Every structure is written in C-alpha cells, then in structure tokens.
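Here are some short exercises on a protein core and a strand that feeds it. Have the structure open and work along with each solution.

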Amino acid sequence: MSLFTRSPLGPDQERTTTKHDPPPDGHSEEHPTDARPASADTTTTTTAGGDDGPAGEDGGDTPAGGGATDAPAGGEATDVPAGGGATDVPAARVRRATLRRLRRQTTTVAAALLVLLALTAPNRPDQFTLGTLARIPMEALLGIVLLLALRPGARRVAAVLGGVGIGLLVLLKVVDIGFYAVLARQFDPVLDWILLDDAISFLTDSVGRIGAIGAAVLAALLVVAVLVLMTLAVLRLTRLVARHDVAATRTVLAVGAAWLACAVLGVQIVPGVPVAARNTVGLAHGRAHQIRDGLRSQQEFTRQAGVDAFRDVPGDRLLTGLRGKDVLLVFVESYGRDAIEDPRFAPQVNAVLDAGTQRLAAAGFASRSAFLTSPTVGSGSWLAHSTLLSGLWIDSNQRYRNIVTSDRLTLTGAFSRASWRTVGIMPGVTRAWPEGELYDYEKVYDSRQLGYQGPRFSWATMPDQYVLAAFERYEHGTPDGPPLMAGITLVSSHAPWTPIPRFVDWDELGDGTVFEPMARQGQSKGALWSDQTRMRAEYRRSIEYSLTSVISYVEEYGDEDTVVVFLGDHQPSPMITGAGAGRDVPITIVAHDPAVLERISGWGWQDGLRPGRRAPVWRMDTFRDRFLTTFGPRGAA
C-alpha cells in the first residue's frame, strides 16, 4: 500500500505527493517489479484558501466533502485521472473572485473620492473648478490621526459621527451654492428657514402643486442619501485605516508634511485657493461666528430702531411740499442697475427709457433719476420695501419680523398722518397679509380684490398694465377724494419670466381676459431655464414690459397733481447678471409741477428716466429721511 505525505507549503502553493516519497520513518519502500512508472501515479492537489484577502473578506470556495480546492487565480486546474480525488475548478469561480476584488477596490476608491470632494469642494458656484479639488484637506489628516488613536468600538462611533457631520457640511455647501446663485449671499442657518415657505410657494406657482410636492420629496430623499452615503464612505475608509495602521501612519506623516510645506509657502494651483485646504473647518467656524454676529447685529438694529427724528412730528408739519399731490410709489420687480448698464440688456431697456423721457416731456412731465443700494439681491422684495419705507436697513428676515411688529413711522405712515388717503396695490399678495399694518394703508388691494379674470402669468398673478388700470379704476380715477398716496408693486418681471404679457391699448383691458392667448404662447419653464441666453433675453423683455406700462400709465392718466416715484426693489439673481453685479437699483421721480423737482435740485440727480453711470448712489434706508426732510416745512435737503 502506498503512503502519501504532505509538505507544509503556503496557501497558494501546490502540495504534491507521490508513491516514491520516503515513508515517515526515513526507510525506502520496496516496489514490485510490475510497478507503473512514477509519472503515471503522480497526483497534484491544491490547498483551500483561494483569495488571500484581508480578514472578514471573501475567501476561496472549498468543494463539499473535502478533497482538492480551487486553483489559484489565473492558474488552470490540473487534470486528475479517474479515482484521483481532486476536483476540477470552474473558470467562472475564478472570474467571480476577481470581480469581487475589483468591486471592493472600486468601492473603496469611490468612498475616498466622495470624502475628498466633500472636504475640498467650495460653497460658492464661481469657485467650483477642478483646481479647487486638487488640494490636501487638513480635516482628513486630523480624522485619520483620531481613528488611529481610538479603540475599535470608539473608532466606529467616531466614524459614524464624522460621516454624519461631513454629510451635514456637504448639505450646507449645496444650500450655500444655491443661495449664492440666486441671492448672491450664503445661507443663514438661523434666519433663513422662513424662506422655505416662499420657495414652496414659488415652485407651486411656477410648476404646479404636484411638481412642487415632487421637488420637496426629491429634496428630502437627497438629504437622506447624502447623510447615509457619507457615513458609509467614512466607515469603509475607517476599516481600511484600521487594517493598514502602519501604512496609514506613514501616509499621514508624509502628507501632513506636504500640507505644512504648502501652507508655509502659500502654494496655490488656482489663484486665491491654497493647496493646504482647511475650508471645511473654516466653514463651520464661520457659521458659528455668523450666529454670534447676527445676535450682535440684532442688538444694534434694536438700538437704531429706537432713534427716529420723525416719530413725534405732527401731521401738519409733514410733507408740506407735496400738499394736494397724488403720490404714487411704484416698485418694479427685479429692476436693477444691470438692466440699464449691462450690454446684454441695456440697448433695449434704455431705448424704452429714453423714448419714455421724450413722451412724458411732450405730456408736460419732467423727471430726475439716481441709484439706491438695496439690502437684497435676487429675492426678498419685502426686505427692500421695508428698508425704503422705514428708513432702517432690513437685510434679514429677523430684522423684518422685528420691524413689522413695531410702531416705526414709515413713509406711507407719514402720508397717512398728514391726511393723505393711503392705499396698497399688492397683486403678489394671495393670502392674509398682517405685515401690511406696518405701512398704515387705509385700504389694501391684493390679488383677490383687483377684479382680474384673466390667466396667471406663472408667478405673476396678473400683468402690470392691468394692475395700474385697476388702480386707476378703483382709486386714482375716482372724483372728489382726498390726496392719494399709493404703494404699488408690479410683478410681471418676477422670475421665471415666462410667459410675458404684451402691452395692449388701455381701452381693451377689460377684466383681463384679453391676456388669455398670451398666457398660452410663452416658452416652457424647463426649456427657458436650460438656456441662460434665452433666460436673460426674457428677463430683459419683462423689464421692458413693466417700464412701458409705468410710462404709458403716467402719459395716459397723469395730471398736473401727479407725482410718481418708481424704482427697482433689487437686482435680479446672479444667474442673470453674473457674479459680483452689485446691489444698486435705479430710482426716478416724475412730476408735472416744476416745484416738485425744484425741491430735489440739491440732490444732484440726473435729468430723465435713465440715471447715468455718474449718478448719485444712496443707501436705500436713507431715502425716507431725505424725502421727509426735503418735502417738509423747511424745504431744503
């Protein structure tokens, strides 16, 4: 009987036994003379083990019942004669093992890239380039050091907390990018939650309730996905660091030295973006300071709001220079300085303004223009309105909430105290508006009280021309009333700028059904917003329409006692203007009586409806006091 022995070879080496091996006692075994050649009785087997991956990962497959196992990856199974006991290894198993390894490696690389992107990505869209990602994040180095120092249980807890924390910072960066793209500022995690309701309302008005609900659900799923994926990525990298702690330590030392060298030398691939990155820590630190500064700013605002030189001025000493005049204060949505200076908009918009100057001059009106700096960009019209009328800088929703519950004397309130009839024409208001009490309007006409029976134009409930016609019908055109002060908000130039109504003869307006065909002719929002050039063109057209409506109204219905102040509330979003466009908006005063414009001769404003580049620029919160002073008893400014 033959004796088979095994040698202690490695897991990937073949173990070979033959009848000619010496027995354990070291003596040779005698062979019969009719023995077959040694090569005919030689058998080859391989040990179990397959893929020698790290502990906890997939190993090789062992055939049932013992016997031989799969051949090493890349090798071929050895043919075994019948009755030899070894088993053929299917090539499919080798391929599966290879694919498993490839999937594991790909997943690990993807996890590393995901974390690297999260730590190095900026929070501003204009800084998002490939060069900003080619950096060394300090937070990653500190995280690896912490993981190496912790015990296994604490390491896993730290990985989960770190993954969730990085995920939250990613979400903050994404929201910041959206805010910079639309509002030209970063998100305020304390004060900006109120905008969520406005965002849902805007989506509902723009794409319908179903589309708005779908967008909200998708946003919630994305939030969950970011947090889960980031946590899983950090956990996977944590296991890798724990398995290869020596290599991880060496890597941290080498990369840490490189980070320090880049920080000392100020190395930059993209100008202004250092290779030695620490923007995630800086972002978190900045938000902490933002909250602290916000509290200090609120205290300063409360102090400023308590100081008002006009608080106790009696009505008979207010606005004496405008006695007997009907004063219309008209806000034009998104009418910013770029509309009259950016070459993409200025030629057409300025043609409307210049032609309007001539038309109004022919009707006996003169005008003066300048700029105001708005507290907001892209949205937040209520911040601009309250800033202009209260004489306080309202640049946050916290300040807005505080001012609307105060007894601050507003510009409209001053007219009311001085015995004007004050009315608000608010086509953008679609529900109860308790904030309107701040402005002391005797009567507010919202979208439900203007008699409009025509179609909506996306966010705009009705065209601007109809709004002005309704004001004429309900208020300005009524005889034998007291002097009128009206705050009018025009909304046709509000995003998404499709469809845009066309100007029609005033006699054809009726109840607004004349606009039905126009509402069906606009471009789809998806097509428009996917093409920035077309979107900018439609924005320009909307401004032309709004300005044409104002100019034509004054020409058609103005008289010797009409005074119109019209201005933009804010610049459009950076999607229209591009980054760094500024916050200035044009403002114009139109009057038939020369004495009105004589009062403001000291302001240095320029003639006509279009302010030039050298026209004065005031902060919007200074307008109330200048206006009340100029048109008060002293008549000087």
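Buried means under 20% relative accessible area, exposed over 50% and partly exposed in between (1.4 Å probe, protein chains only). Strands (E, at least two residues) and helices (H or I, at least four) are DSSP runs, numbered from the N terminus. The model is predicted: local features need pLDDT of at least 70, side-chain atom pairs count only at pLDDT 80 or more, and totals for chains, interfaces and linings use all residues. Residues are numbered from 1 along each chain as its sequence is written, and side-chain values use heavy atoms, with hydrogens and water left out.

**Exercise 1.** Work out how many residues of E7 are buried.

*Solution.* Start with the count: seven of the seven residues of E7 are buried. Next, split them by direction: Asp326, Leu328, Val330 and Val332 point one way, while Val327, Leu329 and Phe331 point the other.

**Exercise 2.** Find the strands that pair with E7.

*Solution.* Pairing requires at least two DSSP bridges between two strands. E12 runs parallel to E7, joined by seven bridges; there, Phe331 has Leu567 as its bridge partner. E11 also pairs with E7 in the parallel sense, over six bridges, and Leu329 is partnered with Gly487.

**Exercise 3.** Locate the largest nonpolar core (buried Ala, Val, Leu, Ile, Met, Phe, Trp, Tyr and Cys residues joined through side-chain atoms within 4.5 Å).

*Solution.* This core has 57 residues, with Tyr335, Phe471, Ile488 and Phe566 having the most contacts inside it. Among the elements that each supply at least two of its residues are E7, E11 and E12. H16 gives the largest share, nine residues.
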